[in-house]
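Trainee: Please take me through one part of this predicted model closely, and give the cut-offs behind each term as you use it.

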Amino acid sequence: LRGPASHAGQVEIYFLASDAGYGFKAKLEDMYTKNKKGKATLSVPKGAGVLSPALVYDPEEDFIVAVSNIGRMLVTDLKEFPLLGKGKGIKIIQIPTAKLKTREEYVAVVACFSEGDSLLLSTEKQQLTLKPDIIDNFYGERGRRGNMLPRNYRKVQSIAVLRDKAEE
C-alpha cells in the first residue's frame with residue numbers, strides 16, 4: 001500500500017503555500033517548536049492568507065495543482081520547488097499584483113498528486129472529476145497564469161486526490 005513518504009522510511013514532507021501564489025516543500029520535523037508562541041515557518045505577503053498544507057507523497061515525481069478563486073488552474077512539477085525550513089517560497093501561479101492587493105484574485109486551493117491520479121474539484125453546488133488526460137491540459141511552467149476551468153466549476157473550494165489504483 002502506497003502511503004506518505006514517512007511510511008516508506010523517509011521524512012514526512014508537506015507543501016506550504018500562501019494565497020498570494022507562493023509556496024515551498026517543508027519537512028514536518030522542521031515545523032516543530034519548543035516555544036509556546038509557535039514558530040514562523042511560512043512568510044506571508046501583506047494582505048495574503050495561508051492555505052492548508054498539502055501532503056507530498058513523492059517530492060521528485062509528484063505534481064502541484066493550484067486553483068485561483070476565479071477558476072484559473074495550473075499544474076506543474078513539484079520537484080521545481082525548494083525544500084526549505086522557512087520562508088516565502090517561489091511563485092506557483094501568476095496572480096496579478098493589483099488584483100491580489102484588492103483581493104479580486106488569489107489562490108483558493110493547492111494539492112499534490114502523482115501521475116495517474118484523478119482530481120475531484122468541489123464547488124459550493126457540484127463536483128467535477130478531472131481524469132489524467134484532462135489534467136494534462138492544465139500542465140504548464142511554474143509561475144504561469146494557468147488555464148480557465150469549465151464555466152460552472154470555477155469557484156473551487158477544495159480538491160480531493162483520487163489515487164491511481166494501479167500504484168496501491
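Mentor: Let us start at Thr 41, which is buried, with a relative accessible area of 11%; buried means under 20% relative accessible area, exposed over 50% and partly exposed in between, with a 1.4 Å probe and protein chains only. The model is predicted, so local features need pLDDT of at least 70 and side-chain atom pairs count only at pLDDT 80 or more, while totals for chains, interfaces and linings use all residues. Residues are numbered from 1 along each chain as its sequence is written, and side-chain values use heavy atoms, with hydrogens and water left out.

Thr 41 belongs to the loop between strand S2 (22-27) and S3, strands being DSSP runs of E of at least two residues, numbered from the N terminus. Neighbours within four places in sequence aside, Thr 41 is in contact with Leu 16, Phe 24, Met 31, Gly 85, Lys 86 and Gly 87, where contact means heavy atoms within 4.5 Å.

Strand S3 (54-56) leads on to the largest nonpolar core, to which S3, strand S1 (13-17), strand S4 (63-68) and S7 each give two or more residues. Such a core is a set of buried Ala, Val, Leu, Ile, Met, Phe, Trp, Tyr and Cys residues joined through side-chain atoms within 4.5 Å. Among its 20 residues, those that touch the most other members include Phe 15, Ile 64 and Cys 112. Cys 112, residues up to four places away in sequence not counted, touches Ala 54, Leu 55 and Val 56, among others.

Conventions: Helix = DSSP H or I, 4+ residues; strand = E, 2+ residues; numbered from the N terminus.
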